[in-house]
Amino acid sequence: MTTLKAKLQEDLTASIRGRDELRSSTLRLTLTAITKEEVSGKTARELSDDEVQKVIAREAKKRREAAEAFANGGRAEQAEKEKAEGEILAEYLPKQLSEDELRAIVAQAVEEAKAAGAEGPRAMGQVMKIVNPKVAGLAEGGRVAAVVKQLLAG
């Protein structure tokens with residue numbers, strides 16, 4: 001079993017013993033998503049820590065989007081619950097890049113792409129190819145794309 005998955009299960013047991021309803025339900029849903037990912041496809045397999053992290057990131061993103069949808073729909077109580085679940089999941093993810101750190105990485109990639117002959121908004125694909133490996137798991141794709149567009153636009 002991967003170390004991250006084992007940590008999730010240990011934390012689930014601790015939260016059940018501590019009667020922390022929110023944390024235990026969030027961890028249960030996340031472990032279910034991990035198990036579902038493990039058995040999807042033709043053969044069952046064990047996920048690596050990186051793959052488990054991607055599943056956790058996907059679950060955290062679902063929580064953020066749901067919180068936003070509930071907030072826009074006037075259901076503040078449900079939005080708060082989703083936000084709290086997202087914060088619990090964020091504890092298991094690497095720290096996200098700040099806006100300044102992300103801008104610096106993207107600016108460097110834009111310079112590399114321009115040096116290779118890429119110009120204007122059409123260079124977005126080339127810049128994203130340079131940036132994505134550097135920020136994998138540290139910044140959400142939508143955030144990265146927005147910064148790339150902004151810097152390419154001038």
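Reader: How much space lies in the largest pocket?
Author: This is a predicted model, where local features need pLDDT of at least 70, side-chain atom pairs count only at pLDDT 80 or more, and totals for chains, interfaces and linings use all residues. A pocket here is an open set of points on a 1 Å grid over the protein atoms alone, where a 1.4 Å probe fits, with protein on both sides within 12 Å along at least five of seven lines. A volume is the space filled by probe spheres set on the points, and for the largest pocket that comes to about 540 Å³.

Reader: Which residues are closest to the centre of the largest pocket?
Author: Lining residues have an atom within 4 Å of a point, and residues are numbered from 1 along each chain as its sequence is written. There are 23 of them around the largest pocket, and the closest to its centre are Ala57, Arg64, Leu93, Gln96 and Gly137.

Reader: Which helix gives the most to the lining of the largest pocket?
Author: Helices are DSSP runs (H or I, at least four residues), numbered from the N terminus. Both α3 (49–72) and α4 (76–90) supply at least two residues each. The top contributor, with nine residues, is α3.

Reader: Is Lys62 buried, exposed or partly exposed, and what is its relative accessible area?
Author: Lys62 has its place in helix α3. Buried means under 20% relative accessible area, exposed over 50%, and partly exposed in between (1.4 Å probe, protein chains only). Lys62 therefore counts as partly exposed, with a value of 45%.

Conventions: Heavy atoms only, no water.
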